[in-house]
Amino acid sequence: MADKPFIARGFHSHRAAAPAGRLPPGQYETRDFPVLSAGPTPRTPLATWDFVIRDSAGHSVRWSWDELHALPRDTPTVDIHCVTKWSKFDTRWEGVSIDTLLDGARAAGVRVGGYVLAFCDGGYTTNLPIADVTGAKAWVAFGYDGVPLPPEHGGPARMLVPHLYFWKSAKWVRGLQLLDRDQPGFWEQLGYHDRGDPWREQRYQGD
Amino acid sequence: MAGTTLPGRLIWQVATVTDVRDETPRARTLVLDVPQWPGHRAGQHVDVRLVAEDGYQAQRSYSIASAPGDTSVALTIERIDNAEVSPYLCDVLHAGDGLEVRGPIGGYFVWDIAQGGPLFLVAGGSGIVPLMAMLRHYARATAADRASIPVRLLYSSRDWDDVIYRKELERLAELPNVDVRFTLTRAAPAGWNGFRRRIDRAMLEQVAGPASDMPRVFVCGPTPLVESVSAVLVELGHDPSRVRTERFGPTG
Amino acid sequence: MRTEEMRLDGNAAAGTLRELFARDVTAAIATCAGCGAEGPIGRLLEYGNGMGVILRCPSCETAVLRVVRTPRWLRVDASGLSLLAIPESVVIS
């Protein structure tokens, strides 16, 4: 028998009401850009920074900072949704599409499987189905709001996968491990959803 | 009345607000009647949970301001503009309302007379709250106990109106063996001859007393203040295991 | 607003940890599996930010304890904790 929760008189989230259809279920709009990090801010010098895509057979391809910037880039404007219930609309980014990077990986003989595990400075990881990082849905982003991505928001570069909850947009990303089987990352090991679609409210495993 | 903490579940309970009082333009004290309150130790906190009609939930921790031994539980809340919980607690809640809490919580950032001293307390902003519980506990001790424990407080605030418990702290400063120093970081009243800057190494060298006295140190307030103060105290020779910290996050 | 300004410490996790242990453990001494450093849980750095409790070693940043509550489970990863020494009960006066 579940207890009825005590309702605090006159308490409601102060966050603004948003246009219908734009907010996924259970979300509230914020005008801030809250910083959520699972660990301290890494500081990797750009001279040693690289982005690696590797498969389980040991084939890999890497781009240095300059090489990444030589690739064609996009400037997506997207809404983002955090599992802690805030959503922010019309965020402006600059980065290289994961499609472009996977094309480069295939050309280098790296085998793309059904899943990826993004790995980051500081040890953070997150897993994603390949379909959720392809088809112009995901980027390695190094610019935010017209300026280089600040360290507290994941700079020098982070994943940007805005159609999923924002913990999937891994900060301080350094590469993708290509997998044939799904492997839970940092938060997924603790019970967060393997996919994380905010429109289906996939916050936790089993949702 | 002495007793032993018994292991057991920590449960959410609905407390009743019996009184509210404004401490400063930005800080308000809520006095709560918590059913079957087991008592608390100075420095402990409670968790507060707010549930809205639509099921939305928010949870925060607040340090207990009242002295151990009081039957009611006082929390002092600093109102942070555009925040989710503190404006509700400061502006909406009134006497008679229910508030869901669980506690008391904590066993590291706590001080009892029995631990002895000397005591060096450093507060930034609302970080004064758990230290005030310690000071109120100290003030109720016997003169003999107090005589053996010198107490120093260094308290950083934006301006004189922001000093929480100001009058009570000025009275406490009149106790023998109690030294209270304020530092104001943004504005000071006319004729102010106290400190007028953020806490730094020179100020701590002046106020903390020698590390060889081996004080028990408690530092509480915004995370940057807590981390820089505790780092400097260790540089000055204080034993890290005697410097206890409680971070309140970016504000506080 | 930088992460280092926002982080808390083991004191903030005390309520959640009370759900795991029958008593307060913020004064318990944790040994980090990453570097062997020992210290009270209260001194660990907390980075959960509302998604869960992430307690890291102040010496090497290893995640010593991670706790997430979901609707169905309270999941605990203690792989970063090689030893925990919990002091016996305290006297309240």
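Let's start where chain A meets chain C: the contact takes 18 residues from chain A and 21 residues from chain C, with two residues counted as in contact if their C-beta atoms, placed from the backbone, lie within 7 Å. On the chain A side, nine residues are nonpolar, eight are polar and one is charged. Here Ala, Val, Leu, Ile, Met, Phe, Trp, Tyr, Cys and Pro count as nonpolar, Asp, Glu, Lys and Arg as charged, and the others, Gly among them, as polar.

A quick word on the model. It is predicted, so local features need pLDDT of at least 70 and side-chain atom pairs count only at pLDDT 80 or more, while totals for chains, interfaces and linings use all residues. Residues are numbered from 1 along each chain as its sequence is written, and chains are lettered from A and ligands numbered from 1 in the order in which they are written.

Now, chain B. Its assignment, automatic or from a database, gives domain 1 (13-105) and domain 2 (113-247). Their C-alpha centres lie 24 Å apart. Where they touch, domain 1 supplies 16 residues and domain 2 supplies 14.

Next, the largest nonpolar core, meaning buried Ala, Val, Leu, Ile, Met, Phe, Trp, Tyr and Cys residues joined through C-beta atoms within 7 Å. Buried means that 20 or more other C-beta atoms lie within 10 Å of a residue's own, these atoms being placed from the backbone. Of the 139 residues in this core, V140(A), L75(B) and L131(B) touch the most other members. Helix α2 (residues 128-139) of chain B gives the most, with eight residues; helices are DSSP runs of H or I, at least four residues, and strands are runs of E, at least two, numbered from the N terminus. Beyond its neighbours within four places in sequence, L75(B) has contacts that include L30(B), V46(B) and I64(B).

Which residues of α6(B) are buried? They are T223(B), L225(B), V226(B), V229(B), S230(B) and L233(B). Seen down the axis, these fall within an arc of 160 degrees, so they line one face of the helix; the arc is that of the directions from the helix axis to the C-beta atoms. Their packing partners include β8 (119-124) of chain B and α1 (3-6) of chain C. After α6(B) comes G237(B), with a positive phi near 110 degrees.

Finally, helix α2 (residues 98-107) of chain A buries I98(A), L101(A), L102(A) and A105(A). Their arc is only 100 degrees, which puts them on the same side of α2(A). Just afterwards, G109(A) has a positive phi of about 85 degrees.

How values were computed:
A residue is buried if 20 or more other C-beta atoms lie within 10 Å of its own, exposed if 12 or fewer, and partly exposed in between; C-beta atoms are placed from the backbone.
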